Amino acid sequence: LNGIQIFPGSGPSFGTSFCGPAVTNSSGAPAVISVTGTPVASLNDFTLVCSSMPANSFGFFHVSQSQGFVANPGGSQGNLCLGGAVGRFNALVANSGTSGRISIPVDLTALPQPTGAVAASAGESWHVQAWFRDANPAVTSHLTDAIEGALHWGGPARRAGPVRSDE
């Protein structure tokens with residue numbers, strides 16, 4: 001607006017999808033992960049969204065700084081696309097209700113990791129994926145595709161639009 005780039009809290013999705021599409025779940029579609037908010041680490045405005053889940057299914061999100069690939073982990077019908085140290089948002093388990101969608105706000109100062117929470121910093125890339133319950137046809141679990149969110153410094157306001165290479 002007037003030459004200033006705006007990052008609204010409920011803004012558009014960002015990030016780079018990988019490891020997809022996910023395997024089709026009992027909803028008849030592959031579940032999809034997305035990120036909304038802003039990639040500016042200092043604003044701490046980051047929401048994870050999982051859509052196209054089965055209705056009334058419980059799910060939670062995983063986070064890692066590495067990509068990986070494990071087919072059907074723990075008997076799941078999906079593929080785990082994260083590697084290295086993988087943290088789980090255990091305290092933020094959500095139910096998809098009738099919409100087949102869950103979302104959680106993420107505190108970038110406390111990302112779960114196996115040895116405890118860590119703060120995300122500008123310049124880092126974090127990878128996220130959702131794992132959820134399914135009945136396809138027997139009780140099992142499933143995973144979404146994955147997404148990489150690269151964080152950056154907020155810095156001074158910049159002109160909206162493309163950045164020239166000499167800036």
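Let's start with the disulfide. There is one in this structure. Keep in mind that this is a predicted model.

Which cysteines does the disulfide join? Cys19 and Cys81, with an S to S distance of 1.8 Å. Look along the S-S bond. The angle about that bond is -60°, and the link between Cys19 and Cys81 is left-handed.

Now place the two ends. Cys19 sits in the loop between strand 2 (16–18) and strand 3 (32–37), while Cys81 belongs to strand 7 (residues 79–83), so the bond ties together parts that are 62 residues apart in sequence.

Are those two ends buried or exposed? Cys19 has 28% relative accessibility, so Cys19 counts as partly exposed. Cys81 comes out at 1%, so Cys81 counts as buried. The cut-off here is under 20% for buried. While we are on cysteines, take Cys50 as well. Its relative accessible area is 0%, so Cys50 is buried.

Next, strand 3. This strand has two faces. Ile33, Val35 and Gly37 make up the covered face. Val32, Ser34 and Thr36 make up the uncovered one. What does strand 3 pair with? Strand 4, residues 46–51, in the antiparallel sense, over six bridges. One position to find on screen is Val35, on the covered face of strand 3. Opposite Val35 stands Leu48, in strand 4.

Moving on to Ser141. You will find Ser141 in strand 12, which covers residues 139–150. Ser141 has a relative accessible area of 10%, and therefore counts as buried. Which side chain makes a polar contact with the side chain of Ser141? That of Trp131, at 2.8 Å. Trp131 is also among the residues that Ser141 touches, once we leave out residues up to four places away in sequence. The others in that set are Ser76, Gln77, Gly78, Phe132, Arg133 and Asp134.

Last topic, empty space. Rolling a probe the size of a water molecule over the atoms shows where space is left empty. How many cavities of 30 Å³ or more does the structure hold? One. The largest cavity has about 30 Å³ of space. Which residues line the largest cavity? Phe46, Val63, Leu108, Leu111, Trp126, Val128, Gly149 and Leu151. Two of these names link back to strands we have met. Phe46 falls within strand 4, residues 46–51. Gly149 falls within strand 12, residues 139–150.

To recap, then. One disulfide, joining Cys19 to Cys81. Strand 3 pairs with strand 4 in the antiparallel sense. Ser141 is buried, and its side chain is in polar contact with that of Trp131. And there is one cavity of 30 Å³ or more.

Definitions and conventions: Residues numbered from 1 in each chain as written. Predicted model: local features only at pLDDT ≥ 70, side-chain atom pairs only at ≥ 80, totals over all residues. Heavy atoms only, no water. Disulfide = S-S within 2.5 Å. Helix = DSSP H or I, 4+ residues; strand = E, 2+ residues; numbered from the N terminus. Buried < 20%, exposed > 50% of the residue type's maximum accessible area, 1.4 Å probe, protein only. Pairing = 2+ DSSP bridges. Polar contact = N/O pair within 3.5 Å; in protein donor to acceptor, adjacent residues only side chain to side chain. Contact = heavy atoms within 4.5 Å. 1 Å grid on protein atoms, 1.4 Å probe; cavity = no way out; pocket = protein on both sides within 12 Å on 5 of 7 lines; lining within 4 Å. Points joined across faces, edges and corners; volume = space filled by probe spheres on them.
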